Amino acid sequence: MTADAVRYEERSDGEEDVPLGGYAVLAGTFTAAAAVIAGVARRQGVRLPEQVPPWDVVLLGAATYKVARLLTRDKITSFVRAPFTRRKGHALGAEVMDEPRGDGVRRAVGDLVSCPFCSSMWAAGGLVAAYAWTPRATRLVCAGLGAVTLADWLQYAWTWTQRATEE
């Protein structure tokens, strides 16, 4: 590790070191996966769309949001996070809060699977790849995930309304 990386990791607040090497492995994995997908798509003659309509961008955005939340916060997907995180607490609805554990790549993966902002890039990458291959099927999946996102927001609005009327 370079001297700059060591200085970057020096922490005075008691936090664990930043797993820069693990982050590099994850970034390399993402980049390699994107390159393999692009290469396979090209070899199979997949033609990229000339443009992506705004409505599809909205669908992809809502689906990306929901996939990232499902991966990083849903109780049911705890089994995916468990090797890399520990339960920190509960959040609103059926969501939980996990925190990363371990060192190196394990810690970096824990950071990824416990952060919806971090995981959204991976979710978007998968959805965009699927959109390039099979736009109609991907639109349908994204519409379903978007409907779940809307339903979640309606559940929160209903709960907020109930609490407001009870006070």
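**Pockets and helix packing in the predicted model**

Among the elements that line the largest pocket, helix α7 makes the greatest contribution, supplying 8 residues. The model described here is a predicted one, and the pocket in question encloses about 490 Å³ of space. Its lining is made up of 21 residues, and those lying nearest the centre are L92, G93, E95, D152 and Y156. Two elements, α3 (54-73) and α7 (135-166), each give two or more residues to this lining. By class, the lining of the largest pocket comprises 10 nonpolar, 3 polar and 8 charged residues.

The second largest pocket has a volume of about 330 Å³ and is lined by 16 residues, with A34, I37, G125, V128 and A129 lying nearest its centre. At least two residues of this lining come from each of α2 (20-43) and α6 (116-133), and α6 gives the most, with 9 residues. The lining of the second largest pocket contains 14 nonpolar and 2 polar residues but no charged residues, whereas 8 charged residues are found in the lining of the largest pocket.

These pockets belong to a protein whose secondary structure comes to 7 helices and 2 strands, arranged along the sequence in the pattern α-α-α-α-β-β-α-α-α. Taken along the principal axes, the C-alpha atoms fill a box of roughly 60 × 50 × 25 Å.

The packing of the helices was examined next. Two packed helices are described by the angle between their axes and the distance between the axes. For α2 and α5 (residues 104-113), the angle is about 65° and the axes lie 7 Å apart; α2 and α5 are therefore roughly perpendicular to each other, since angles of 65 to 115 degrees count as such. The crossing of α2 and α5 is right-handed. On the α2 side the contact involves G22, Y23, V25 and L26, which meet G104, V105, A108, V109, D111 and L112 of α5. Divided by class, the residues of this contact are 7 nonpolar, 2 polar and 1 charged.

Helix α3, which contributes to the lining of the largest pocket, packs against α6 at an angle of about 130°, with the two axes 8 Å apart. This angle makes α3 oblique to α6, and the crossing of α3 and α6 is right-handed. The contact draws on D56, L60, A63, T64, V67, A68, R69, L71, T72 and R73 from α3, together with P116, S119, S120, A123, A124, L127 and Y131 from α6. In the contact of α3 with α6, 10 residues are nonpolar, 4 are polar and 3 are charged.

Helix α6 also packs against α7, the axes of α6 and α7 coming within 6 Å and crossing at roughly 140°, which makes α6 oblique to α7. In this contact L127, A130, Y131, A132 and W133 of α6 meet P135, T138, R139 and C142 of α7, and the residues involved divide into 7 nonpolar, 1 polar and 1 charged. Both L127 and Y131 of α6 thus take part in the contact with α7 as well as in the contact with α3.

Considered with the pockets, the helix contacts place α6 in several settings: the helix gives the most residues to the lining of the second largest pocket, packs against α3 at about 130° and crosses α7 at roughly 140°. Helix α2, in turn, supplies at least two residues of the lining of the second largest pocket and packs against α5 at an angle of about 65°.

Key:
Residues numbered from 1 in each chain as written. Predicted model: local features only at pLDDT ≥ 70, side-chain atom pairs only at ≥ 80, totals over all residues. Heavy atoms only, no water. 1 Å grid on protein atoms, 1.4 Å probe; cavity = no way out; pocket = protein on both sides within 12 Å on 5 of 7 lines; lining within 4 Å. Points joined across faces, edges and corners; volume = space filled by probe spheres on them. Helix = DSSP H or I, 4+ residues; strand = E, 2+ residues; numbered from the N terminus. Nonpolar A, V, L, I, M, F, W, Y, C, P; charged D, E, K, R; others polar. Axes fitted to C-alpha atoms, helices over the stretch in contact; angles between N-to-C directions. Parallel < 35°, antiparallel > 145°, perpendicular 65-115°, else oblique. Left-handed = near helix turned anticlockwise from the far one by under 90°. Contact = heavy atoms within 4.5 Å.
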